[in-house]
Amino acid sequence: MGKRDRRGLRPAFVTLRDLPGTRVMFWVVEHCPYCGGQHVHPAGNLRTADPGERLGEQPAPCEPGRTYDLTLPPRPKKKNSIRQERRRERRAGKVSDWEGEEG
């Protein structure tokens with residue numbers, strides 16, 4: 001066990017899933033930061049519960065003495081698409097054309 005293992009909470013990225021045919025929702029940890037396995041945490045009833053309330057510090061099922069932080073995965077950054085670059089070029093071209101017509 002290294003120093004890194006003894007420090008604070010490790011993030012565990014989760015996805016929300018429901019159990020088909022029931023009203024039960026689960027937070028699924030695809031890759032546990034401790035064992036690398038998959039774990040399931042109940043998130044409540046589909047109709048009445050707020051699954052966001054179950055995020056946060058939870059005990060790891062693989063090692064009950066340790067906890068991890070259930071969090072949503074980070075959203076990917078928006079890339080400047082080719083469309084946006086073309087749009088900027090067209091707008092820049094239109095502005096210069098308008099200036100020539102005024103004279």
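This note sets out numbered points on the fold, the core and selected side-chain interactions of a predicted model.

1. Overall make-up. The secondary structure of the chain consists of two helices and five strands. Read from the N terminus, these elements follow the order α-β-β-β-β-β-α. Of the 103 residues in the chain, 17% are buried. Among contacts between residues at least 6 apart in sequence, 37% join residues at least 24 apart.

2. The sheet. The five strands form an open sheet, arranged β3-β2-β1-β5-β4, with mixed pairing. Its edges are β3 (39–45) and β4 (56–60), each of which pairs on one side only. Neighbouring strands of this sheet are turned against each other by 40° on average, direction ignored.

3. Pairing of β1 with β2. These two strands pair in the antiparallel sense, and five bridges connect them. One position may serve as a reference when inspecting the register: Leu16 has Trp27, in β2, as its bridge partner. Trp27 is also listed among the residues of the largest nonpolar core.

4. Pairing of β4 with β5. Here too the sense is antiparallel, over five bridges. A hairpin of two residues joins β4 to β5. Within this pairing, the bridge partner of Pro59 is Thr67, in β5. Both residues recur below: Pro59 is in contact with His41, and Thr67 is in contact with Leu9.

5. The nonpolar core. The largest nonpolar core comprises 11 residues: Ala12, Val14, Met25, Trp27, Val29, Cys32, Tyr34, Ala43, Ala60, Tyr68 and Leu70. At least two residues of this core come from each of β1 (10–18), β2 (24–29) and β5 (63–71). The contribution of β2 is the greatest, at three residues.

6. Tyr34 in the core. Tyr34 is a member of this core. Residues up to four places away in sequence aside, Tyr34 touches Arg10, Ala60, Cys62, Glu63, Arg66, Thr67 and Tyr68. Of these, Ala60 and Tyr68 are core members as well, while Glu63 and Arg66 form a salt bridge with each other.

7. His41, a buried residue in an edge strand. His41 lies in strand β3, which is one of the two edge strands of the sheet. His41 counts as buried because its relative accessibility is 8%, below the 20% limit. The side chain of His41 makes a polar contact of 2.7 Å with that of Tyr68. Neighbours within four places in sequence aside, His41 is in contact with Met25, Phe26, Trp27, Val29, Gln58, Pro59, Pro61, Tyr68 and Leu70. Core members appear in that list, including Met25, Trp27, Val29, Tyr68 and Leu70.

8. Leu9, ahead of the first strand. Leu9 is located in the loop between α1 (3–6) and β1. At 40% relative accessibility, Leu9 counts as partly exposed. Leu9 and Glu57 are 48 residues apart in sequence, yet their C-alpha atoms are 7.7 Å apart in space. Beyond the residues within four places in sequence, the contacts of Leu9 are Glu57, Thr67, Tyr68 and Asp69.

9. Salt bridge between Glu30 and Arg17. The whole structure contains two salt bridges. In one of them Glu30 pairs with Arg17, and the closest N and O atoms are 2.6 Å apart. This pair links distant parts of the chain, with Glu30 in the loop between β2 and β3, Arg17 in strand β1, and 13 residues separating them. Glu30 is partly exposed because its relative accessible area, 30%, falls between the 20% and 50% limits. Arg17 is likewise partly exposed, with a relative accessible area of 38%.

10. Salt bridge between Arg66 and Glu63. In this pair the closest N and O atoms are 2.9 Å apart. Arg66 counts as buried because its relative accessibility is 17%, under the 20% limit. Glu63, at 30% relative accessibility, counts as partly exposed. Both residues are also touched by Tyr34.

11. Tyr68 as a recurring residue. Several of the points above involve Tyr68. Tyr68 belongs to the largest nonpolar core and is touched by Tyr34. Tyr68 is also in contact with Leu9, and its side chain takes part in the polar contact with His41.

Terms used: Residues numbered from 1 in each chain as written. Predicted model: local features only at pLDDT ≥ 70, side-chain atom pairs only at ≥ 80, totals over all residues. Heavy atoms only, no water. Core = buried A, V, L, I, M, F, W, Y, C linked by side-chain atoms within 4.5 Å. Buried < 20%, exposed > 50% of the residue type's maximum accessible area, 1.4 Å probe, protein only. Helix = DSSP H or I, 4+ residues; strand = E, 2+ residues; numbered from the N terminus. Contact = heavy atoms within 4.5 Å. Pairing = 2+ DSSP bridges. Axes fitted to C-alpha atoms, helices over the stretch in contact; angles between N-to-C directions. Polar contact = N/O pair within 3.5 Å; in protein donor to acceptor, adjacent residues only side chain to side chain. Salt bridge = Lys/Arg side-chain N within 4 Å of Asp/Glu carboxyl O.
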